[in-house]
Amino acid sequence: MSIAFKWGAGNGIAIALLIAVTVVAHEGEIKYRAASAAAEHSASAIDELDELWASVIEAESGLRGFVITGDPAFLDQFDGQPQEITRRLDTLQHLVAGNPRMEDLYVVLSDNLAQRLENARTAIAKRRTDGFESAASLVSTGQGRNLTDEIRTTIDEMVTAQRQIAAKGNASTAASFELMERVSIFGLLGVSLLVASAGFLFARGLSKRVGELVEATRIFGSGNLAYRLEPKASDEIGQIAHAVNDMAERLRQSREALASFAYTVSHDLRSPLHAMHGFSEALIEDFSDQLGPQGQDYAKRIASAAIRMEMLLNDILVYSRVERENMDLKMVPLDTVVDDVLSSLTQSITDKHAVVSVDHPLPPVVGYQPVLEQALTNLVSNALKFAKDGSTPEIRISAQRSNGTVRLSVADKGIGIDPDHHRRIFNVFERLHGADSYPGTGIGLAIVRKGIERMGGRTGVESALGQGSRFWIELPPGEAA
Ligand code: ADP
């Protein structure tokens, strides 16, 4: 699955979630609108019923006033109401439409109202034509009062029913509003959090894997071509990891072929070289008379060239061995390593009257003893070799622990090295002096660096021209600090 596809899929899911949140919030809004409309509807119906009742009361008092007093002013009060009642009934009819119970009550109410108005009109007519007694006898039958009571009861029932509808509507409005609010706040917050954390995890995963690639190239660059990346996924980064692994494997194979070629060549050249050396020595010893002075000089030059070439071949052999050697890393006591190296160099130390001091005790390190001894031998040999003209070599070997490593230093008071050359002297065949002033092959420090790096350590130098040098080796400590 490609990175672009994963990214696109993630965005797709985020958009789908946002759409879902919007749809749910929108549904909440629709419900909210419907519920608040129902509540408003009920409130209007209740208002209408209250007004209707007020008209009924108004008509009643007009009727009573006229029956009792015969004053036409009361008749005016009554006359305004039937029309008002009809108008309110029309409005009410629209408001209760669709609610069967309210529609039934409405029919009862409008019938009762019609009867009541009819009854009132009859009483008014009687008062006009037959006088008070006749009208009062009609009123005293109680028919009108019963109708008014029924009207009151029906209105009460309708108001109660509308109140219930309004209460339900209000509850449902609150619930819909709450749903809408929750969905929009928590939904959006949740989706944002989800998108942010998914984006963060995605970016972190990518950067971790890119970091692993960078680390691998650094490890390959330091010469460890046996290291392998774990591809983890089949996306573009996984493909790069595969390609980098393949490249490292091909490099490892060609480096091994080259090292084995160098090893075989230097090894096989040694016996013809021995023969050249041996025969040129034999010429000098056994045939010096026949050779004459010039012939002897040529034979000596052949012998010393053979010695130089032998040194070179030996160093190349050591280098290719260090490069190919299967290193079994374990705890190595530096005290023992230093003592062994110094005793193997006793002859040179004595010949040069060198003063070598060691800051015992030295801590143990994790490494491969034979190669560590080889590296230290090269450093001490150089310190003996590159002494200032006419001065006795002074060498100090010490070790410091810092940042989880042990740094072993070989310091001398010799000719020193210009900082411009610090980097290149660790390369193969790099020399700063001619063979006449300081003999050597230019491979010694390359062996040190290669060997230490293969143990997972580092090497370096601090020096200035004429100020002596401090070469150091850093390796993991062999015991807890
Ligand atoms: P070689 O000693 O055979 O010349 P090396 O690889 O050991 O080769 O050293 C490379 C070069 O680094 C030397 O030729 C020398 O110029 C410089 N060098 C190494 N060690 C020292 C030292 N202790 N003091 C001064 N120069 C040094």
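Which residue has a side-chain N or O atom 3.1 Å from an oxygen atom of the ligand? In this predicted model, that residue is His433, whose side chain supplies the N or O atom in question. The backbone also takes part in the surroundings of the ligand: a backbone N or O atom of Leu445 is placed 2.8 Å from a ligand oxygen, and a polar backbone atom of Gly444 is found 3.3 Å from an oxygen atom of the ligand. On its own the ligand has 530 Å² of accessible area, of which 98% is covered by the protein.

The shell around the ligand comprises 20 residues, and the closest of these are Asn382, Asp412, Arg431, Thr441 and Leu445. Two or more residues of this shell are given by each of the helices α10 (369-385) and α11 (444-454) and by the strand β7 (469-475). When the shell is divided by class, eight residues are nonpolar, eight are polar and four are charged.

A separate set of contacts was examined around Gln162, a residue of helix α5, which spans residues 143-221. The relative accessible area of Gln162 is 2%, and the residue is therefore classed as buried, since that class takes in values under 20%. The side chain of Gln162 forms a polar contact of 3.2 Å with the side chain of Ser42. Apart from neighbours within four places in sequence, the residues in contact with Gln162 are Ser42, Ala45, Ile46, Val96 and Met102, so that Ser42 appears both in this list and as the partner in the side-chain polar contact.

Note on methods
Residues are numbered from 1 along each chain as its sequence is written. This is a predicted model: local features need pLDDT of at least 70, side-chain atom pairs count only at pLDDT 80 or more; totals for chains, interfaces and linings use all residues. Side-chain values use heavy atoms; hydrogens and water are left out. A residue is near a molecule or strand if one of its heavy atoms lies within 4 Å of it. A polar contact is a pair of N or O atoms within 3.5 Å; within protein, one must be able to donate a hydrogen and the other to accept it, and residues adjacent in sequence count only if both atoms are side-chain atoms. Accessible areas come from the Shrake-Rupley method with a 1.4 Å probe; for residues, only the protein chains shown count as cover. Helices (H or I, at least four residues) and strands (E, at least two) are DSSP runs, numbered from the N terminus. Ala, Val, Leu, Ile, Met, Phe, Trp, Tyr, Cys and Pro count as nonpolar, Asp, Glu, Lys and Arg as charged, and the others, Gly among them, as polar. Buried means under 20% relative accessible area, exposed over 50%, partly exposed in between (1.4 Å probe, protein chains only). Contact means heavy atoms within 4.5 Å.
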